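This briefing goes through one protein chain, from its overall build down to single residues. Please keep the sequence and the model open while reading.

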Amino acid sequence: WSSTRWKFQISGVKFAGQGNRCASSFDELVLALWSPIRLYIYRHDLTFGVSLAGKLTNSAGCKISLYGPNHEKNWSLAVGAILAKLDAPANACKRIAELPLTDDRIIIALAS
């Protein structure tokens with residue numbers, strides 16, 4: 001939650017080249033979005049929601065920001081809006097998995 005809306009944000013993503021989003025230094029970019037009841041895992045398309053940091057991009061990397069609606073305080077509605085953006089045909093992001101936080105794999109991963 002920022003001052004006006006829910007957001008998912010990851011910083012320090014380093015793509016190959018200076019600000020070149022087309023070529024990456026990794027095979028796939030997989031994002032995990034944690035909500036209070038589920039974990040959503042997506043294969044990112046290397047462009048959706050990506051922003052550069054000007055001259056700092058080389059050292060600090062890029063940022064991926066996905067926002068819920070302005071002034072929506074209900075986390076569930078905000079997460080739904082963010083997921084709808086990720087699932088939209090306007091980008092090439094792909095949902096890989098959706099797991100309840102009670103899933104044994106998550107419990108084991110958090111315990112280690």
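The points below cover the whole chain, its strands, its nonpolar cores and two single residues.

The model is a predicted one. Its protein chain has 3 helices and 6 strands, arranged along the sequence as β-β-β-β-α-β-α-β-α. Of the 112 residues in the chain, 29% are buried.

**Whole chain**
- The C-alpha trace spans about 40 × 35 × 30 Å along its principal axes.
- About 7000 Å² of the protein chain is exposed, and carbon and sulfur atoms account for 57% of that area.
- Counting contacts between residues at least 6 apart in sequence, 63% are between residues at least 24 apart.

**The three-stranded sheet**
- Strands S1, S5 and S4 make an open sheet of 3 strands, in the order S1-S5-S4, and the pairing is antiparallel.
- Strand S1 (7-13) and strand S4 (50-51) are the edge strands, each pairing on one side only.
- Strand S5 covers residues 62-67, and S4 pairs with S5 in the antiparallel sense over 2 bridges.
- Within this part of the sheet, Val50 is placed opposite Ile64 of S5.
- Helix H2, made of residues 75-87, lies across S1 and S5 and runs at about 120° to S5.
- As background, strands in a sheet pair through backbone hydrogen bonds, in either a parallel or an antiparallel manner.

**The S2–S3 hairpin**
- S2 and S3 form a hairpin, with 3 residues between the two strands.
- Their pairing is antiparallel and runs over 5 bridges.
- Leu33 stands opposite Tyr40, a residue of S3.
- In a regular strand, side chains alternate between the two faces of the sheet.
- On S2, Leu31 and Leu33 lie on the covered face, while Val30, Ala32 and Trp34 lie on the uncovered one.

**Nonpolar cores**
- The largest nonpolar core has 17 residues, and those touching the most other members are Phe15, Leu29, Leu31, Leu33, Tyr42, Ile64 and Leu86.
- At least two residues of this core come from each of S1, strand S2 (30-34), strand S3 (38-43), S5 and H2.
- A second core, separate from that one, has 5 residues, including Ile41, Leu99, Leu101 and Ile106.
- Some of these residues also appear in the strand pairings: Ile64 faces Val50, and Leu33 faces Tyr40.

**Ser35**
- Ser35 is located in the loop between S2 and S3.
- Is Ser35 buried or exposed? Ser35 counts as buried because its relative accessibility is 3%, and the cut-off for buried is under 20%.
- Which residues does Ser35 contact, apart from its neighbours within four places in sequence? The contacts are Tyr40, Trp75, Val79 and Leu101.
- Among these partners, Tyr40 is the residue opposite Leu33 in the hairpin, and Leu101 belongs to the second core.

**Lys7**
- Lys7 is part of strand S1, which is an edge strand of the three-stranded sheet.
- The relative accessible area of Lys7 is 36%, so this residue is classed as partly exposed.
- Lys7 and Thr57 are 50 residues apart along the chain, and their C-alpha atoms are separated by 21 Å.

Methods
Residues are numbered from 1 along each chain as its sequence is written. This is a predicted model: local features need pLDDT of at least 70, side-chain atom pairs count only at pLDDT 80 or more; totals for chains, interfaces and linings use all residues. Side-chain values use heavy atoms; hydrogens and water are left out. Two strands pair if DSSP finds at least two bridges between them. Helices (H or I, at least four residues) and strands (E, at least two) are DSSP runs, numbered from the N terminus. Contact means heavy atoms within 4.5 Å. Axes are lines fitted to C-alpha atoms, for helices over the stretch in contact, and angles run from 0 to 180 degrees between N-to-C directions. A nonpolar core is a set of buried Ala, Val, Leu, Ile, Met, Phe, Trp, Tyr and Cys residues joined through side-chain atoms within 4.5 Å. Buried means under 20% relative accessible area, exposed over 50%, partly exposed in between (1.4 Å probe, protein chains only). Accessible areas come from the Shrake-Rupley method with a 1.4 Å probe; for residues, only the protein chains shown count as cover.
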